[in-house]
Amino acid sequence: MDGHRMFELAQALATAKSRQDVPAALALFHPDMELVTPAFGTTARGLAENERALRRFFASFPDYHVELSGHADDGATLVCWGTARMTMTGNRFGVIPNGRRAEIAVFITFTFADDRIAGESFHFDLADLCAQSGVSTDAVRHTLFGATEPAGARP
């Protein structure tokens, strides 16, 4: 796929997500879309799971906005980077956030099929988000991933 078209699709997705417009985002997805968010340990496959994932994400971050400031591609995969701004709300992560809007660096890889986005891997620093939201990264990781041993706990 042409690099210009890949970025056009990624930018359209960024715009839809910044408006919390789930139907517009889903319209850009291939039926086999896979969304991976390593910081949260989540993977959504297919349109129904992606719709649930987006709605859950926007419930937690109702003012989410992303700006893509650069990109590169190899003809098959697109990588974009930029800044996400969002306020952690609710109790999804088992903590009480401070209500401040976080500003974090993001990078996102995309794959494509049939002129649609077939894969998105959304990367950001969970500790940075937690610090700006006034919550414990360890507490959030415990909620997301279950009991984990602190680094250096074993000899």
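This is a short walk through the sheet, the core and some salt bridges of the structure above, which is a predicted model.

I'll start with the sheet. The sheet is open and has six strands, in the order β2-β1-β6-β5-β4-β3, with mixed pairing. β2, residues 42-45, and β3, residues 65-73, are at the edges with a single partner strand each, so one side of each has no neighbour in the sheet. On average, neighbouring strands are turned by 20° against each other, direction ignored. Inside the sheet, β4 (residues 77-87) and β5 (residues 101-113) pair antiparallel over eleven bridges. T77 stands opposite T111 in β5.

Two helices to mention here. Helix α1, residues 3-18, packs on the sheet and touches β1, β3, β4, β5 and β6; its direction makes about 170° with that of β3. Helix α4, residues 126-133, also packs on the sheet, touching β4, β5 and β6, at about 150° to the direction of β5.

Now the core. The largest nonpolar core has 44 residues, and F61, Y64, F110, I117, F124 and L129 touch the most other members. Leaving out residues up to four places away in sequence, L129 touches F61, M86, M88, A102, I104 and F124.

Last, charges. The whole structure has nine salt bridges. One of them joins D115 to R5, with the closest N and O atoms 2.9 Å apart. D115 sits in the loop between β5 and β6 and R5 in helix α1, 110 residues apart. R5, E8 and D115 are linked in a salt-bridge network. At 33% relative accessibility D115 is partly exposed, and so is R5 at 24%. D63 and R101 also meet in a salt bridge, 3.1 Å from N to O. D63 is in the loop between α3 and β3, and R101 is in strand β5.

Note on methods: Residues numbered from 1 in each chain as written. Predicted model: local features only at pLDDT ≥ 70, side-chain atom pairs only at ≥ 80, totals over all residues. Heavy atoms only, no water. Pairing = 2+ DSSP bridges. Helix = DSSP H or I, 4+ residues; strand = E, 2+ residues; numbered from the N terminus. Axes fitted to C-alpha atoms, helices over the stretch in contact; angles between N-to-C directions. Contact = heavy atoms within 4.5 Å. Core = buried A, V, L, I, M, F, W, Y, C linked by side-chain atoms within 4.5 Å. Buried < 20%, exposed > 50% of the residue type's maximum accessible area, 1.4 Å probe, protein only. Salt bridge = Lys/Arg side-chain N within 4 Å of Asp/Glu carboxyl O.
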